[in-house]
Amino acid sequence: MSNTEPAAARRRGPNDPERRARIAKAAIEVVAQRGIDGVTHRAVAAAAGVPLGSTTYHFATLDDLLEVALHEAAERNVHALKEWESALPPDTDFAAALADLVMGYINEQYRDTVVEYDLYVAALHRPALRKASAAWDDALIAFFGSRTDPLTGRLLAGLFCGLLMQAALADPRPNREEIETLFRRAIDGPAA
């Protein structure tokens, strides 16, 4: 290309249009490996395979990095929940299905669950993350409320989050039957 060509002809798009998304995914990976306190621009740049300047260009502060990581984790989780919910038959035993869901999160998806809760709890000390955390809660309430009613949906969302946190920390972990009993009580109320 010669210097005599018009400037518009020489312009081109970004060299790496997926870089911002890769950095967001790398931030989640750094949280998984090192926890919230291990998130630095340098660590995320290394995990994403990008120059350090790219992370600071796209995300000026650590809170910006954590916020995008939380959004990314929440989007993935909400997408997975939508798929899970849409695959449930209308007449499914919802308490049993919720118990299976929790067991999946604390067994097969344990690492992802820990990362998501690290990011979620970080909002306690980082107000910039609260909006993303609240959006995640709202999605859970809507999912669970669509199978029950709005108030029960809210109750189930709180129970679900609490059970995941407790089960992830417990040694030994609660068994599926214990978890199903709690969901059944929340849905059906006390035994007559």
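How many residues of domain 1 are in contact with domain 2, and how many residues of domain 2 take part? In this predicted model, 18 residues of domain 1 touch 17 residues of domain 2. The domain assignment places domain 1 at 13-59 and domain 2 at 60-186 of the protein chain. Taken over C-alpha atoms, the centres of domain 1 and domain 2 are 25 Å apart.

The two domains also share a nonpolar core. The largest such core has 60 residues. Val-44, Trp-84, Leu-98, Leu-119, Phe-144, Phe-160 and Phe-183 are the residues with the most contacts inside it. Two or more residues of this core come from each of helix H2 (19-34), helix H3 (41-48), helix H5 (62-87), helix H6 (94-106), helix H7 (110-122), helix H8 (130-147), helix H9 (150-169) and helix H10 (176-188). Domain 1 (13-59) and domain 2 (60-186) each supply at least three residues to this core. As a general background, nonpolar side chains in soluble globular proteins tend to be buried together.

Phe-160 gives a view of the core from a single residue. Apart from its neighbours within four places in sequence, Phe-160 contacts Leu-101, Val-102, Tyr-105, Tyr-117, Leu-140, Phe-144 and Phe-183. Of these partners, Phe-144 and Phe-183 are also among the residues with the most contacts inside the core.

Next comes the packing of H2 against H7. The axes of these helices come within 9 Å and cross at roughly 100 degrees. An angle from 65 to 115 degrees counts as roughly perpendicular, and H2 and H7 are therefore roughly perpendicular to each other. On the H2 side the contact is made by Ile-28, Glu-29, Val-31 and Ala-32, and on the H7 side by Arg-111, Val-115, Asp-118 and Leu-119. The residues of this contact comprise 5 nonpolar and 3 charged, with no polar ones.

Ile-28 appears again in the surroundings of Glu-72, a residue of helix H5. Not counting residues up to four places away in sequence, Glu-72 touches Ala-24, Lys-25 and Ile-28. Glu-72 counts as buried because its relative accessibility is 17%, and buried means under 20%.

Asp-93 lies in the loop between H5 and H6. Its relative accessibility is 37%, so Asp-93 counts as partly exposed. With neighbours within four places in sequence left aside, Asp-93 is in contact with Glu-180 and Arg-184. Asp-93 and Glu-29 are 64 residues apart along the chain, and 35 Å separate their C-alpha atoms.

Key
Residues are numbered from 1 along each chain as its sequence is written. This is a predicted model: local features need pLDDT of at least 70, side-chain atom pairs count only at pLDDT 80 or more; totals for chains, interfaces and linings use all residues. Side-chain values use heavy atoms; hydrogens and water are left out. A nonpolar core is a set of buried Ala, Val, Leu, Ile, Met, Phe, Trp, Tyr and Cys residues joined through side-chain atoms within 4.5 Å. Buried means under 20% relative accessible area, exposed over 50%, partly exposed in between (1.4 Å probe, protein chains only). Helices (H or I, at least four residues) and strands (E, at least two) are DSSP runs, numbered from the N terminus. Domain bounds come from an automatic or database domain assignment. Contact means heavy atoms within 4.5 Å. Axes are lines fitted to C-alpha atoms, for helices over the stretch in contact, and angles run from 0 to 180 degrees between N-to-C directions. Angles under 35 degrees count as roughly parallel, over 145 as roughly antiparallel, 65 to 115 as roughly perpendicular and the rest as oblique. Ala, Val, Leu, Ile, Met, Phe, Trp, Tyr, Cys and Pro count as nonpolar, Asp, Glu, Lys and Arg as charged, and the others, Gly among them, as polar.
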